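Subject: The structure I promised

Hi,

Here is the structure we talked about, with the sequence alongside. Have a look at it first, then read on for what turned up.

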Amino acid sequence: RNVMESQARQKDAQAVNRFTRHEVKNGLLASIELCDCLRSNINEQQQLNSHILKQLNGIASSLPASADMLDGPIQTRVEELERVLHEILDTVLAEAMARDVIHGVYRPNLERVNVMVVLKTVMLEGGTTDRFKIEVDSENAPFLLLDSQLLKYIHRNAVSNACKYGKDNGEVVTSVSFDEKTQEFVMKVTNLPGPNHDELVAMGPEATEGVFKQGKRLHSELKMNKEIVSSGDGAWIMSKCAKTLRGECSIHFSPEKTTFMFRCPSKQYSDLTDALKPWGEPKNFTLPEGTWAIAVDDSLIQRKLLGKIIENAGVPKERCILLGKSSEEIRGFGAKISSIMTENPDANALILMDENLEMVEDGRHMMLSGSRLLHEVLLELPPEDEKRILALVRSANDSGEDVEVYTSRCHGFFPKAPMKRDRVRELLASLWIRRFHSEDDSSSDLDAEEEALHKEIAKALFFASSLISDGVTVSRWPQIWTALWDLRSKLQDGSFSPKVKVVVALIGGMQNKGVPGNFEEKWKLIRETVDDAVLKNW
């Protein structure tokens with residue numbers, strides 16, 4: 001009974017965490033968009049004032065040289081408010097992610113990450129670039145497949161600890177490297193010795209191991225001249241974040257410095273595919289001429305934001321349709337997309353659908369799942385029309401588990417977050433190329449990396465099959481579950497059909513605490529799908 005109550009409390013806490021993250025993030029996103037609207041209005045007013053001044057000719061000489069001085073303070077305050085909102089949003093997301101990591105339910109969202117941009121963001125929070133420096137092993141730091149939130153969390157805490165325990169106002173250096181042979185990413189944060197550093201050096205292995213223990217405050221055991229506020233769990237959480245990426249954290253105290261190190265396996269993300277050559281690089285990508293864009297969101301502010309996203313993607317206003325101001329528009333989305341595809345038989349279409357759609361029907365408030373609606377619409381479309389569509393779901397809930405659900409119902413996930421034009425184009429370039437150009441490659445022409453991945457999947461499937469054939473019992477289930485999750489992680493590394501995404505989500509729903517119901521049927525579906533969709537032509 002105690003175990004059941006504990007599990008129930010943990011589930012409730014996770015549900016509250018998920019709800020809080022969604023609602024707070026939505027509110028902050030709306031506030032940030034309002035700041036953007038205010039800034040645009042101020043700029044328009046400045047241009048109007050300037051135009052009026054020019055028209056006044058002789059009278060202008062007796063007026064202020066520019067109307068900017070009237071709007072400048074307001075502009076500054078809006079920018080400051082926007083900066084604070086971004087900081088709050090980052091903090092909320094980081095803390096929500098940390099709780100999920102602690103409970104073991106966070107799943108990494110591996111994406112194309114500009115490592116230098118992520119690290120510089122943390123450095124700028126320090127307020128001075130002279131004190132905080134970044135060193136790289138090459139002039140052009142590579143784009144890597146990483147979870148940007150985990151990387152930022154680990155780096156921010158490492159820099160914070162360097163400031164707390166290192167030399168007052170001393171230099172803090174971050175160095176990064178990527179080994180193409182071993183496919184390993186390494187980040188080091190180094191600081192100069194602080195108070196009682198010699199005692200830490202004298203402790204030897206006890207100090208290096210104690211740092212990452214839960215609730216351990218190593219410096220509280222030393223006689224510090226300054227008071228430091230710390231829960232003692234920061235480094236422990238950093239270590240768990242690293243393990244989530246199949247990596248590790250370590251720290252070394254030498255007489256001259258303290259060096260924190262994070263390392264994890266990764267892959268270099270190559271953007272220069274044949275399909276992207278016309279644009280040169282992802283930030284120049286625009287959707288092909290003639291493409292239609294349909295966005296659905298119940299929020300007026302979000303619809304305006306979606307309009308800007310679509311405009312940044314290169315779609316003209318006459319081909320952009322924004323829906324969601326009424327239940328009729330949301331319910332009629334399927335008919336609208338069907339009509340567009342029928343009337344434009346040679347055109348592609350981009351769909352951006354909000355996951356949580358609030359409607360009022362017959363006086364009752366209702367919540368509709370956008371991904372479910374999108375899934376139903378895609379199934380009803382003729383195959384020749386569905387093939388010309390890139391359907392994406394937007395949601396403030398962007399954990400690995402949530403994203404798996406969305407991608408099992410449509411073609412991908414588009415983050416609900418403030419983004420500059422270059423970032424919008426980079427994301428859409430990756431999703432568009434994957435959707436419309438991956439089929440050009442024949443399975444008989446697999447490159448060495450794909451060949452190796454197929455071998456790993458075959459081995460993982462065989463190993464899981466051998467364990468299951470020996471009998472599925474409660475005592476053997478943890479081992480079977482581990483084998484299934486190993487298979488799942490390898491399936492996630494490849495670009496396979498939607499059927500495989502369903503299998504990934506199915507395994508993801510299994511827990512290591514007990515054999516799931518109808519396991520024989522689920523295992524049959526997993527085995528047959530992997531055989532047919534992945535290994536059949538290999």
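Start with the open sheet of five strands, which runs in the order β9-β8-β10-β13-β14 with parallel pairing. Do keep in mind that this is a predicted model. The two edges of the sheet are β9 (320-323) and β14 (412-413); each has a single partner strand, so one side of each is left without a neighbour in the sheet. Helix α8, residues 300-312, packs on this sheet and touches β8, β9, β10 (349-354) and β13 (389-394). The direction of α8 makes about 165° with that of β9.

If you want to see how the edge at β9 is attached, look at β8 (residues 292-296): β8 and β9 pair in the parallel sense over four bridges. One residue pair to click on is V296 and its bridge partner in β9, L323. A second helix to find here is α11 (residues 370-380), which lies across β10 and β13 and runs at about 165° to β13.

At the other edge, F413 is worth a click. F413 sits in strand β14. Is F413 buried or exposed? With a relative accessible area of 12%, F413 falls under the 20% cut-off, so F413 counts as buried. From F413 to L431 is 18 residues in sequence, and their C-alpha atoms are 8.8 Å apart in space.

Now for the other sheet I'd like you to see. This is also an open sheet of five strands, in the order β2-β4-β5-β7-β6, and its pairing is mixed. Its edge strands are β2 (132-136) and β6 (248-253), each pairing on one side only. From one strand to the next, the twist averages 15°. Helix α4 (residues 148-165) packs on this sheet, where it touches β2, β4 (172-179), β5 and β7, and its direction makes about 20° with that of β5.

Within this sheet, β5 (residues 184-191) and β7 pair in the antiparallel sense over eight bridges. To line the two strands up on screen, use K188, which stands opposite M261 in β7.

While you are on β7 (residues 258-265), go to T258, which lies in that strand. T258 has 8% relative accessibility and so counts as buried. What does the side chain of T258 make a polar contact with? It is the side chain of H197, at 3.5 Å. Leaving out residues up to four places away in sequence, T258 touches V189, T190, N191, H197, I251, H252 and F253.

Helix α7 (residues 234-244) lies across β6 and β7 and runs at about 135° to β6. Its buried residues are A235, W236, I237, M238, S239, C241 and A242. After α7 comes R246, which has a positive phi, near 60°.

Two other residues with positive phi caught my eye. Q183 is not a glycine, yet its phi is positive at about 55°. You will find Q183 in the loop between β4 and β5, and its 29% relative accessibility makes it partly exposed. D362 is not a glycine either, and its phi is also positive, about 55°. D362 belongs to the loop between β11 (356-361) and β12 (364-369). At 78% relative accessibility, D362 counts as exposed.

There is also a helix pair to look at. The axes of α16 (residues 477-492) and α17 (residues 498-508) come within 10 Å and cross at roughly 145°. The crossing is left-handed. On the α16 side the contact is made by L484, W485, L487, R488, L491 and Q492, and on the α17 side by V500, V503, V504, I507 and G508. The spacing is worth a thought: an α-helix has 3.6 residues a turn, so residues three or four places apart point the same way.

Finally, the chain as a whole. It has 538 residues, of which 43% count as buried, and its secondary structure comes to 18 helices and 14 strands. Among contacts with a separation of 6 or more, 71% are between residues 24 or more positions apart. The chain exposes about 29000 Å², with carbon and sulfur atoms supplying 51% of that area.

Happy browsing!

Conventions:
Residues numbered from 1 in each chain as written. Predicted model: local features only at pLDDT ≥ 70, side-chain atom pairs only at ≥ 80, totals over all residues. Heavy atoms only, no water. Pairing = 2+ DSSP bridges. Contact = heavy atoms within 4.5 Å. Axes fitted to C-alpha atoms, helices over the stretch in contact; angles between N-to-C directions. Buried < 20%, exposed > 50% of the residue type's maximum accessible area, 1.4 Å probe, protein only. Polar contact = N/O pair within 3.5 Å; in protein donor to acceptor, adjacent residues only side chain to side chain. Areas by Shrake-Rupley, 256 points an atom, 1.4 Å probe, with all protein chains shown as cover. Left-handed = near helix turned anticlockwise from the far one by under 90°.
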